[in-house]
Amino acid sequence: MSLLNNKKRILITGASGLLGYFWINKMFKEFEIILVAHQRQLNYKNLKSIQIDLFSFDEIVKQIKKLNIHIVINLAGISNVEKCENYPDLAFAVNQKLASIVAKACSTTNTKLIHISTDHLFGNENKLFTENDIPILVNNYAKSKYLGECEVLRENPKALVCRTNFFGKGPKHRVSISDWIINDLTNNEIINLFDDVCFSPIIGSKVPEYAHKLLDLGASGIYNISADDVISKYKFGEYIANAFNLSQRLINKSSIKERKDLTKRPLCMGLSNKKASLILNQSFGKVIDHVALLYEHTKSRI
Ligand SMILES: NC(=O)c1ccc[n+]([C@@H]2O[C@H](COP(=O)([O-])OP(=O)(O)OC[C@H]3O[C@@H](n4cnc5c(N)ncnc54)[C@H](OP(=O)(O)O)[C@@H]3O)[C@@H](O)[C@H]2O)c1
């Protein structure tokens, strides 16, 4: 396949997921995007989608060469914590094995790779965790994603691995945490948000923006892409309610300790973005700034 224009060609796995949606919408003007479909059909006008068995090293290598791919973005994953706990074989197959095969195929073909990891790798201390902090892996999602990172970098030391957590207006079939809060508050429904679980989420469109900038600067290894601060899920709900002029009174402060039915989760998932923001020479902004961006994006679409 020859280049029809001067745009670089990127291959996105996990394209039907939430981050796939943000990546495509942010980057479709800059790159020629080819999507890898899995179970869900992809219906993007003007974008080519193909089926590749991502467990087949030979098939990935063949397609990368045939399509003349410059960058692979690996977003394929089992992101549901409960599913990972209930189906460990599936979690480790996709989050670890598949990631490792994709990384090896990129290394063999000398193709750049951005692999997306998670903020779910730490424990209970209320802080912003750096790339050098030692992980505390409390469930199968955390274990499989961490082993995925390790294998990606073992197979392909030039790969860029981004740990992140994101929100934004997702597609109809895959709502984000902010969609869920906005929808329920708009419908006057009471919601419970944990006051003892902290994170540093960023608006989804910034993940591809920062990741590609890091790649352009030749970054490899692990980089956190997150907001500047760490806040509770309850506070996040308050920020959303304020920005969208919805009732804060519908938000109940709750504790994860009361949810014995849930798989064990880390209490603090804050990520320090210092390493990435230093190399990019820009600050990423606080969670409240990203919520304001979400409001602006939503308003401009009405
Ligand atoms: N969502 C979050 O809040 C969050 C936070 C931190 C990190 N992350 C990480 O970010 C990445 C993307 O997350 P997301 O929320 O966009 O995930 P998602 O919405 O759950 O989507 C997962 C994607 O992976 C694909 N997939 C699953 N199994 C596959 C397989 N065997 N072969 C090929 N593709 C497969 C799915 O395709 P089908 O739908 O067709 O099955 C889907 O496109 C994941 O690695 C996740 O761990 C997510």
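Asp-196 and Lys-257 form a salt bridge in this predicted model, with the closest N and O atoms 4.0 Å apart. Because Asp-196 sits in the loop between β8 (191-194) and β9 (198-199) while Lys-257 belongs to the loop between β13 and α9, the contact ties together parts that are 61 residues apart in sequence. Lys-257 has a relative accessibility of 55% and therefore counts as exposed, the cut-off for that class being over 50%.

A second pair joins Arg-265 to Glu-82, and here the closest N and O atoms are 2.7 Å apart. This salt bridge links distant parts of the chain, since Arg-265 lies in the loop between β13 (251-254) and α9 (274-280), whereas Glu-82 lies in helix α3 (residues 81-86), 183 residues away. Arg-265 counts as partly exposed because its relative accessibility is 22%, and Glu-82, also at 22%, counts as partly exposed too.

A third pair consists of Asp-261 and Arg-259, whose closest N and O atoms are 2.8 Å apart. Asp-261 is classed as exposed, with a relative accessibility of 54%, while Arg-259, at 36%, is classed as partly exposed.

The three pairs are set out below.

| Salt bridge | Closest N and O atoms |
|---|---|
| Asp-196 with Lys-257 | 4.0 Å |
| Arg-265 with Glu-82 | 2.7 Å |
| Asp-261 with Arg-259 | 2.8 Å |

Apart from these pairs, Lys-26, Lys-206, Glu-209 and Lys-213 are linked in a network of salt bridges. With a side-chain nitrogen of Lys or Arg required to lie within 4 Å of a carboxyl oxygen of Asp or Glu, the count for the model comes to eleven salt bridges.

Notes:
Residues numbered from 1 in each chain as written. Predicted model: local features only at pLDDT ≥ 70, side-chain atom pairs only at ≥ 80, totals over all residues. Heavy atoms only, no water. Helix = DSSP H or I, 4+ residues; strand = E, 2+ residues; numbered from the N terminus. Buried < 20%, exposed > 50% of the residue type's maximum accessible area, 1.4 Å probe, protein only.
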